[in-house]
Amino acid sequence: VCTSAPGSGAPAAVGASGISVPAAAAATTWTMGWPITVTGGAQAWTIGSNNTLKINAPWGGSEGVTLTSDGTLELNATSTHSGALELQSGTVKVTATDGLGTSARTVNFHDDIAKLSFAGDITISSPLNGTWAKADSMANGIKVLAGANVVFDGKLTYYSQGGVDLAAGSTATFRRGLQVLSSGMEGFLQFTGNGTAIITNTAMYIGQRRTSVNGSPLAP
């Protein structure tokens with residue numbers, strides 16, 4: 001539900017019904033080119049298969065958003081959104097500094113069925129928390145795309161296992177460290193790809209101390 005027209009100077013208000021894009025028969029791209037504000041209560045955003053929704057202007061608000069999707073959400077502008085944000089499924093591509101929000105609230109994502117990728121020279125302030133929707137699934141984890149230089153200024157936490165894929169020529173800097181909380185299970189963190197990971201200020205914490213790089217164990 002949009003309550004202002006593009007070019008009016010006022011942000012569009014996305015109400016409690018959220019955003020819904022039906023599945024498409026062929027690849028389709030939708031573009032939101034003016035600011036939006038999430039309002040009217042917690043809401044769900046659904047992007048059907050074969051669709052990409054690009055948000056190219058700032059978006060904000062304090063209401064919760066849950067993404068359940070088979071398509072792609074591309075965040076190309078800084079967000080001031082401070083409400084709960086949960087990425088349950090689908091693909092989320094972030095190309096702008098703080099595209100996920102500027103607040104200290106944690107962004108939750110189901111790392112077994114939601115794909116979270118980053119591109120460009122950007123900083124991500126929000127902590128990221130990867131959890132499983134299905135206990136027997138392997139994690140997709142975080143992907144840093146080719147040539148990107150991404151600074152994670154919030155801690156990256158996985159529940160019991162997770163991955164960071166670093167494409168060729170990419171660099172990921174973790175300023176608040178990484179941790180895997182094993183909670184009685186065997187903790188596991190895997191780095192894949194040919195990029196570079198830099199961990200500053202805070203060391204990694206890996207429950208059970210199982211870490212690997214491209215499938216090869218990394219000694220503690």
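This passage describes the strands, the buried positions and the aromatic pairs of one predicted model.

Local features were taken at pLDDT of at least 70 and side-chain atom pairs at pLDDT 80 or more, while totals for chains, interfaces and linings use all residues. Residues are numbered from 1 along each chain as its sequence is written, and side-chain values use heavy atoms, with hydrogens and water left out.

The chain holds zero helices and 26 strands. Both are DSSP runs numbered from the N terminus: helices are H or I with at least four residues, strands are E with at least two. Of the 220 residues, 47% are buried. Buried means under 20% relative accessible area, exposed over 50%, and partly exposed in between, with a 1.4 Å probe and protein chains only. Among contacts with a separation of 6 or more, 44% join residues 24 or more positions apart. A contact requires heavy atoms within 4.5 Å.

An open sheet of four strands runs in the order β14-β17-β20-β23, with parallel pairing. Its edges are β14 (121-124) and β23 (196-199), each of which pairs on one side only. Neighbouring strands of the sheet are turned by 15° against each other on average, direction ignored. These angles rest on axes, lines fitted to C-alpha atoms (for helices over the stretch in contact), and run from 0 to 180 degrees between N-to-C directions. Two strands pair if DSSP finds at least two bridges between them. Strand β14 and strand β17 (residues 149-152) pair in the parallel sense over four bridges. Within this pairing, I122 has V150 in β17 as its bridge partner. Side chains alternate along β14. I122 and I124 point to one face and are buried, whereas D121 and T123 point to the other and are not. Strand β20 (residues 171-174) is joined to β23 by four bridges, again in the parallel sense. There, F174 stands opposite I199 in β23.

Parallel pairing also links β9, β11 and β13. Four bridges join β9 to β11, and five join β11 to β13. Strand β11 (residues 90-94) has a covered face made of G90, V92 and V94. Its uncovered face carries T91 and K93. K93 in β11 stands opposite E74, and V94 stands opposite F118 in β13.

E74 lies in strand β9 (residues 72-75). This residue is buried yet has no salt bridge. A salt bridge is a side-chain nitrogen of Lys or Arg within 4 Å of a carboxyl oxygen of Asp or Glu. The nearest side chain of opposite charge, K54, is 4.1 Å away from E74. For charge, Lys and Arg count as positive and Asp and Glu as negative; His and the chain ends are not counted. E74 touches T52, L53, K54, I55 and K93, not counting residues up to four places away in sequence.

A114 is placed in strand β13 (residues 114-118). With a relative accessible area of 4%, A114 is buried. T68 is 46 residues from A114 in sequence but 8.9 Å away in space, C-alpha to C-alpha.

Four aromatic pairs were counted. Rings of Phe, Tyr and Trp (its six-membered ring) pair if their centres lie within 6.5 Å; planes under 30 degrees apart count as stacked, over 60 as edge-to-face and the rest as tilted. W45 and W59 have ring centres 5.5 Å apart and planes at 50°, so this pair is tilted. The pair links distant parts of the chain, with W45 in strand β5 (residues 43-47) and W59 in strand β7 (residues 59-61), 14 residues apart. Both W45 and W59 are buried. The rings of F118 and F152 have centres 5.2 Å apart and planes at 90°, so that pair is edge-to-face. F118 in β13 and F152 in β17 are 34 residues apart. F118 is buried at 0% relative accessibility, and F152 is buried at 2%. F118, F152 and F174 form one aromatic cluster.

S170 lies in the loop between β19 (161-166) and β20. This loop residue is buried, with a relative accessible area of 1%. S170 and A146 are 24 residues apart in sequence and 5.3 Å apart in space, C-alpha to C-alpha. Apart from residues up to four places away in sequence, S170 touches V144, L145, G147, A148, G195 and T196.
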